[in-house]
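Got your viewer open and a selection box ready? Load the model and follow along, one stop at a time.

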Amino acid sequence: MTRTIVASATREIIIGFDQPFCVIGERINPTGRKKLAAEMIEGNFDTVIRDALEQVAAGATMLDVNAGVTAVDPNATEPGLLVQTLEIVQNLVDVPLSIDSSVSAAIEAALKVAKGRPLVNSVTGEEEKLEAILPLIKKYNVPVVAISNDETGISMDPDVRFAVAKKIVERAADFGIPAHDIVVDPLVMPIGALGDAGRQVFALLRRLREELKVNTTCGLSNISFGLPHRHGINAGFIPMVIGAGMTSAIMNPCRPQEMEAVHAANVLNGTDANCTYWIKKYRDHQPAAPGVAASVSVPADAGGGRRRGGREARRGVAS
């Protein structure tokens with residue numbers, strides 16, 4: 001059984017088909033969050049701290065950490081800022097972290113100070129990226145997210161996206177990196193723009209599980225982009241992708257509706273043995289009154305949730 005091990009300094013998590021779904025908190029990401037980007041540039045990490053604590057309190061298994069505050073010379077600005085952000089977060093919470101950057105120098109700088117065994121987010125099928133990132137994955141013995149696009153961009157053909165994923169797995173093997181340390185992102189398309197985006201990803205996930213035998217992840221909220229009541233779509237999508245074989249997702253854990261879908265899927269998928277977690281969490285659950293939104297119990301000054309932005313924005317789309 002494929003198992004991807006990630007760890008903080010004190011806590012180990014296994015991503016796998018026989019494990020509870022891994023929720024990777026998305027909110028420590030300034031992409032699309034002008035206020036957060038401005039704060040981080042000024043050296044103000046108050047929102048980062050609130051987001052880290054709130055996501056863990058809401059049930060995140062891991063946290064994604066991104067410091068891409070500017071497209072202007074990120075090679076100069078991002079390494080130092082990512083290291084600073086990573087050190088703050090890993091000294092604050094005990095969950096494993098995902099180092100999220102498209103800048104190779106920033107990834108290596110972060111790996112030098114990371115505690116435990118972080119997940120690197122990410123490598124693509126582009127030759128330049130493969131040659132830059134895979135040696136780092138081997139050197140530091142960490143797992144990596146493999147995004148199914150290459151020099152041609154993001155294909156609308158799921159067979160092409162599978163072929164790119166297979167290429168990355170094979171190239172990783174050439175570096176001595178095992179398939180269980182590759183977590184493939186098959187790229188979830190917006191269902192509002194591509195009507196068969198759901199069916200595409202379900203079929204891709206089954207192939208990735210059965211043929212490549214790899215764990216998988218995605219930017220979960222991409223499925224609902226552009227639609228009203230996005231959290232309803234996201235919550236419906238979660239158990240379907242889990243049933244198709246997805247083992248983790250980068251998402252907002254501070255949305256109770258979506259987290260309930262995760263916990264329910266764990267029960268129905270058999271990864272919450274004897275419904276133990278569900279019973280413990282929801283034994284005294286009281287449904288919200290009509291018209292009253294559910295809330296997460298967090299400190300009163302905790303910041304509000306924001307959608308993880310720009311996951312596909314920095315990658316082209318090919319037909």
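Start with β5, helix α4 (residues 104-113) and β6: together they make a right-handed β-α-β unit. Keep in mind as you click around that this is a predicted model.

**Stop 1: the two strands of that unit.** Select residues 97-100, which are strand β5. β5 runs parallel to β6, and 3 bridges join the two. For a concrete pair to label, pick S98, which stands opposite L119 in β6.

**Stop 2: β6 itself.** Now select residues 119-124, strand β6. Is β6 mostly covered or mostly open? Colour by accessibility and you should find it mostly covered, with 6 of its 6 residues buried.

**Stop 3: across to β7.** Add residues 144-147, strand β7. What joins β6 to β7? There are 4 bridges, and the strands run parallel. Two pairs are worth labelling here. N121 stands opposite V145 in β7, while V123 has A146 of β7 as its bridge partner.

**Stop 4: another crossover.** Bring in helix α5, residues 127-140. With β6 before it and β7 after it, helix α5 completes a β-α-β unit, and this crossover is right-handed. So that you can keep your bearings, leave β6 on display: it takes part in the unit with β5 and helix α4 as well as in the one with helix α5 and β7.

**Stop 5: zoom out to the sheet.** Show every strand of the open sheet; there are 8, in the order β10-β9-β7-β6-β5-β4-β3-β11, with parallel pairing. Which strands sit at the edges? They are β10 (215-216) and β11 (248-251), each pairing on one side only.

**Stop 6: helix α2.** Jump to residues 46-57, helix α2. Two residues here make a nice contrast. Select D51, which is found in helix α2. D51 counts as buried because its relative accessibility is 1%, under the 20% cut-off. Show side chains and look for R33: its side chain makes a polar contact with the side chain of D51, at 3.0 Å.

Then select I49, also in helix α2. I49 counts as partly exposed because its relative accessibility is 30%, which falls between the 20% and 50% limits.

**Last stop: the surface.** Keep I49 selected, add L53 and L92, and switch on a surface. What do I49, L53 and L92 make? The three form a nonpolar surface patch of about 200 Å².

How values were computed
Residues numbered from 1 in each chain as written. Predicted model: local features only at pLDDT ≥ 70, side-chain atom pairs only at ≥ 80, totals over all residues. Heavy atoms only, no water. Patch = residues over 30% accessible without salt bridge, like charges linked within 9 Å, V, L, I, M, F, W, Y side chains within 5 Å. Areas by Shrake-Rupley, 256 points an atom, 1.4 Å probe, with all protein chains shown as cover. Salt bridge = Lys/Arg side-chain N within 4 Å of Asp/Glu carboxyl O. Buried < 20%, exposed > 50% of the residue type's maximum accessible area, 1.4 Å probe, protein only. Pairing = 2+ DSSP bridges. Right-handed = clockwise from strand over helix to strand, strands pointing away. Polar contact = N/O pair within 3.5 Å; in protein donor to acceptor, adjacent residues only side chain to side chain.
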